[in-house]
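Open the structure in your viewer and keep the selection panel handy. We will walk through it one stop at a time.

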Amino acid sequence: MLTKPKGTYDVLPADSRIWAKLEQVIRKICALANYEEIRTPIFEQYETFHRDDSDSSDMVNKETYDFIDRGERKMTLRPEGTAGCVRAYVENKLYVNNKVTKLFYFGPMFRYERQQKGRYRQFSQFGLEAYGPKSPLLDVDIISTACMLLKAVGLNKIRVRINTLGDKESRQNYRDVLVDYFSQHIDELCEDCHTRLAKNPLRILDCKVDKDNPVLINAPKINDYLNDVSKEHFAKVLAELDNLGIDYVVDEHLVRGLDYYSDTVFEIEYESDVLGNQNVLCAGGRYNDLVKDLGGPEIPGVGLAFGVDRLILALANENIQIVKPKYLHAFLITLGQSAKEFGLKLIYNMRLAGLMCDMSYASDSLKAQFKEADNNNSMFTLILGEDELANKTINVKNNHTKEQVTISLDELLGYLIKNLNTCHNCGGNCHEKSTN
Ligand code: AMP
């Protein structure tokens with residue numbers, strides 16, 4: 001039997017409805033905050049992601065799915081959304097006539113990682129990107145939009161952690177101090193940190209292996225090496241978060257896995273053990289040089305990415321239902337071949353009129369067909385036999401009130417539309433009221 005590749009999973013119909021609803025909520029939040037959708041290719045030229053030999057991130061070094069296509073071109077399945085967005089922003093010159101460009105994307109990403117709960121080889125991200133002036137207000141725009149999404153889906157157990165890496169000058173000062181410090185303690189650090197020391201010593205600070213190591217805890221803090229511009233930028237970000245009433249904690253060890261960040265970096269965590277150390281739902285920050293590095297003008301950017309898979313796991317864990325149970329307005333069951341054939345046209349016309357309906361296609365017993373109507377959570381069951389067909393009538397059973405009436409076929413549509421809104425017991429709340 002063929003099976004799904006390791007690190008992937010199938011989203012089956014019941015869960016697909018949750019994904020679709022979440023995407024709908026995301027689109028609404030993006031519209032509220034004026035982020036417009038961009039759809040970039042799922043694969044890009046290798047160099048889009050592998051720009052610089054000094055990049056120390058695992059994602060760039062060990063985890064990308066790279067391949068040579070039939071035209072001998074080196075390609076990479078996108079491991080994240082930012083680089084492709086920036087490439088598209090530059091290639092399509094979206095910066096012309098736009099002071100600020102605010103984009104969002106939603107789609108699958110690919111990383112060759114060790115599979116565990118909340119960590120997959122194909123996963124989905126929803127991301128926001130804003131290119132424009134290096135304003136701390138844009139950082140806050142991005143973070144507050146992420147918080148709006150979490151609020152909209154009812155996920156409250158979250159924590160925003162934030163830090164600054166400072167601008168280039170501050171980071172260089174800090175880097176030198178860190179290299180000095182960690183070099184003196186190299187024997188006390190894990191193997192990966194030895195490599196990090198040479199390539200990106202800041203990343204030692206968020207090493208998962210050494211996280212409780214006193215060498216890390218006592219390491220010099222970025223705050224002491226920020227220049228005035230960087231200090232001012234970060235202070236403004238925090239002040240504006242306060243202003244909007246968004247809670248956060250400043251975490252001086254937060255440096256983020258990707259090497260292109262500068263100034264503000266942040267993560268939003270789900271406060272529960274259920275995802276273990278995969279509890280970061282959303283991560284992002286400012287990248288002041290990426291647009292330039294990808295051949296564009298000197299325009300800073302700020303962005304974030306949500307792991308949608310993790311968001312869905314968190315919603316399930318909190319028992320938050322964002323979708324109503326699936327239902328149909330009507331389900332047709334028939335007796336006899338001619339009723340079945342007539343029925344197909346009947347439901348086709350009902351669908352054209354905007355009703356969600358289906359019928360039993362198998363030649364099953366009435367009992368089995370009633371069960372099928374039940375499984376489809378149908379508001380009305382329509383019963384059509386040879387006699388009804390001859391008399392041009394149909395039996396209509398309201399599955400909520402259990403009332404059954406026989407009406408003429410001509411009246412059927414009007415009857416259903418009228419009664420969809422008048423469910424006797426609950427005023428229609430058991431199902432959606434509208435037919436849209
Ligand atoms: P990153 O692009 O590494 O900054 O990740 C942003 C977010 O994407 C993380 O906070 C996770 O929620 C999610 N994410 C990253 N890698 C994976 C993965 N392998 N599987 C599932 N979600 C992931």
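Which residue has a polar backbone atom 3.3 Å from an oxygen atom of the ligand? Select leucine 281: a polar atom of its backbone sits at that distance from the ligand oxygen. Keep in mind along the way that this is a predicted model.

**Stop 1: around the ligand**

Stay with the ligand and show its surroundings. The shell holds 15 residues, and the closest of them are Arg111, Glu113, Tyr120, Arg256 and Val280. Click on glutamate 113, where a polar side-chain atom lies 2.5 Å from a nitrogen atom of the ligand. Then move to valine 280, which places a backbone N or O atom 2.8 Å from a ligand oxygen. How much of the ligand does the protein cover? On its own the ligand has 480 Å² of accessible area, and the protein covers 92% of that.

Now colour the shell by residue class. You should find seven nonpolar residues, three polar ones and five charged ones.

**Stop 2: the strands behind the shell**

Switch to a cartoon view and select β6 (122–131), β10 (280–287) and β11 (301–307); each of these strands gives the ligand shell at least two residues. Which strand supplies the largest share? That is β10, with four residues.

Keep β10 and β11 on screen. The two strands are antiparallel and joined by six bridges. To see one pair of facing residues, pick cysteine 282 and look across to phenylalanine 306 in β11.

Widen the view to the whole sheet. It is an open sheet of eight strands with mixed pairing, and you can trace it in the order β1-β5-β6-β11-β10-β9-β7-β8. Why do β1 (36–37) and β8 (249–250) each have one side without a neighbour in the sheet? Both stand at the edges and have a single partner strand, so the other side is left unpaired within the sheet.

**Stop 3: two loops**

Select glutamine 278 in the loop between β9 (262–270) and β10. Is this residue buried or exposed? Its relative accessibility is 5%, and buried means under 20%, so glutamine 278 counts as buried. Show the side chains here and you can draw a polar contact of 2.9 Å between glutamine 278 and asparagine 277.

For the second loop, go to alanine 33, between α1 (13–32) and β1. At 13% relative accessibility, alanine 33 is also classed as buried. Before moving on, draw a distance line from its C-alpha atom to that of asparagine 399: the two residues are 366 apart along the chain, and the atoms are separated by 42 Å.

**Stop 4: the other domain**

Zoom out and colour by domain. Domain 1 takes in 13–167 + 227–317, while domain 2 covers 328–418. Their C-alpha centres are 49 Å apart.

Inside domain 2, select strand β12 (residues 328–334). Seven of its seven residues are buried, so the strand is largely enclosed by the rest of the structure. Next, add its partners. Strand β14 (residues 378–384) runs parallel to β12, with six bridges between them. Strand β13 (residues 357–359) also pairs with β12 in the parallel sense, over three bridges.

Finish on leucine 332. Its bridge partner in β14 is leucine 382, and in β13 leucine 332 stands opposite methionine 359.

Notes: Residues numbered from 1 in each chain as written. Predicted model: local features only at pLDDT ≥ 70, side-chain atom pairs only at ≥ 80, totals over all residues. Heavy atoms only, no water. Near = heavy atom within 4 Å. Polar contact = N/O pair within 3.5 Å; in protein donor to acceptor, adjacent residues only side chain to side chain. Areas by Shrake-Rupley, 256 points an atom, 1.4 Å probe, with all protein chains shown as cover. Nonpolar A, V, L, I, M, F, W, Y, C, P; charged D, E, K, R; others polar. Domains from an automatic or database assignment. Pairing = 2+ DSSP bridges. Buried < 20%, exposed > 50% of the residue type's maximum accessible area, 1.4 Å probe, protein only.
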